[in-house]
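Okay, hi everyone, thanks for making time. I'd like to walk you through a structure I've been looking at, so let's get it up on the screen.

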Amino acid sequence: MNLIVETDIGHDPDDFFALCYLVSAGVNIRGIMISPGDPDQIAIARFFCKEVGLDIPIGASKLDRIKLSSGSIHHNLLKKYGHSLTSSPDGLGIDLLPSIFNDYPDSELFVIGPVSSLGKHLAAHPEQIIKRATMQGGFVGYHLYDPQVKLPQFEGKSWVPTFNMNGDRPGTLAFTGAKIAERHFVGKNVCHTILYNKEHFGKMSKPNCRAAELFMEGMGLYLEKHEDKKFHDPTAAVCHLHEEIGVWLAGKVRKIEQGWGTICEVEPKDNTDWVLADVDRELLWDHIYNWN
């Protein structure tokens with residue numbers, strides 16, 4: 001699988017863990033677009049690429065950023081391995097993406113941040129046809145589907161604000177309107193119920209590559225200070241590779257007031273969205289544990 005990733009890596013370590021999982025599972029990441037592109041975000045992406053042997057373009061949605069915005073385990077890893085806390089992108093994502101698609105026209109999309117560079121590209125290239133795409137965002141209310149695990153804060157909700165989708169609303173609208181044959185959304189209704197903790201850490205198989213080693217090292221650092229980690233982006237990554245583990249609702253993701261919800265379709269139509277309503281947790285963890 002060839003994959004283009006858009007991420008706001010650095011603000012939350014689950015982006016980093018998702019990238020580690022994808023590479024460990026054998027995915028060919030062909031480009032990383034970073035939103036917005038703060039210098040330490042770029043440094044983290046370059047560190048990751050160097051460690052796992054990826055020679056790929058790293059784009060940003062904005063240039064000439066100055067502020068450092070990352071935290072958690074990221075700066076610890078950069079310092080440990082002697083990397084600078086700052087770096088520069090290879091250019092604007094919107095300028096890099098045409099060449100990536102030219103070289104890898106079958107590239108799929110994985111969005112775990114505001115869909116900024118990819119959103120601009122899709123808006124500027126309405127003829128672009130994408131086979132599959134997954135975005136961490138969206139929401140399915142419990143009135144539409146009654147999942148195994150429910151959270152009190154979502155009871156009675158038909159929409160919720162979601163960071164990635166509100167982070168670049170024009171980009172999200174371009175993404176939802178683009179010619180994407182299979183478009184999946186993994187939202188709060190499910191991923192907020194997926195927590196990684198020390199028990200999961202103890203069940204991980206032996207790392208199969210450098211990316212898996214980085215996952216274990218980073219997660220070990222994180223769990224020294226936290227009881228658990230909400231596993232939004234890695235859950236979305238597993239769902240992209242193994243959509244059969246999910247219960248998917250056919251419909252359309254729509255902006256509703258200050259957030260996003262799902263409008264159901266009885267029969268799937270052209271440009272239908274598939275929004276995660278529930279997930280087989282046993283299979284989800286099995287893929288995480290075994291790097292596949």
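I'll start with the whole chain and then move on to the largest pocket.

One thing before we go in: this is a predicted model. So, what is the chain built from? It has twelve helices and 13 strands. The radius of gyration comes out at 18 Å, and the globule rule gives 19 Å for 292 residues, so this chain is as compact as a globular protein of that length. If you draw a box around the C-alpha atoms along the principal axes, you get roughly 55 × 45 × 30 Å.

Now, how much of it is tucked away? Of the 292 residues, 57% count as buried. As for the surface, the chain exposes about 12000 Å², with carbon and sulfur atoms supplying 51% of that. And look at who touches whom: take the contacts with a separation of 6 or more, and 80% of them are between residues 24 or more positions apart.

Okay, on to the pocket. Rolling a probe the size of a water molecule over the atoms shows where empty space is left. The largest pocket here has a volume of about 260 Å³. It is lined by 17 residues, and the closest to its centre are Gln136, Phe163, Asn164, His232 and Asp233.

Which helices help build that lining? Helix H1 (14–24), helix H6 (163–167), helix H8 (188–191) and helix H11 (232–241) each put in at least two residues. By type, the lining splits into eight polar, six charged and three nonpolar residues.

That's my tour, happy to go back to any view.

Methods:
Residues numbered from 1 in each chain as written. Predicted model: local features only at pLDDT ≥ 70, side-chain atom pairs only at ≥ 80, totals over all residues. Heavy atoms only, no water. 1 Å grid on protein atoms, 1.4 Å probe; cavity = no way out; pocket = protein on both sides within 12 Å on 5 of 7 lines; lining within 4 Å. Points joined across faces, edges and corners; volume = space filled by probe spheres on them. Helix = DSSP H or I, 4+ residues; strand = E, 2+ residues; numbered from the N terminus. Nonpolar A, V, L, I, M, F, W, Y, C, P; charged D, E, K, R; others polar. Rg over C-alpha atoms; globule rule 2.2 N^0.38 Å. Buried < 20%, exposed > 50% of the residue type's maximum accessible area, 1.4 Å probe, protein only. Contact = heavy atoms within 4.5 Å. Areas by Shrake-Rupley, 256 points an atom, 1.4 Å probe, with all protein chains shown as cover.
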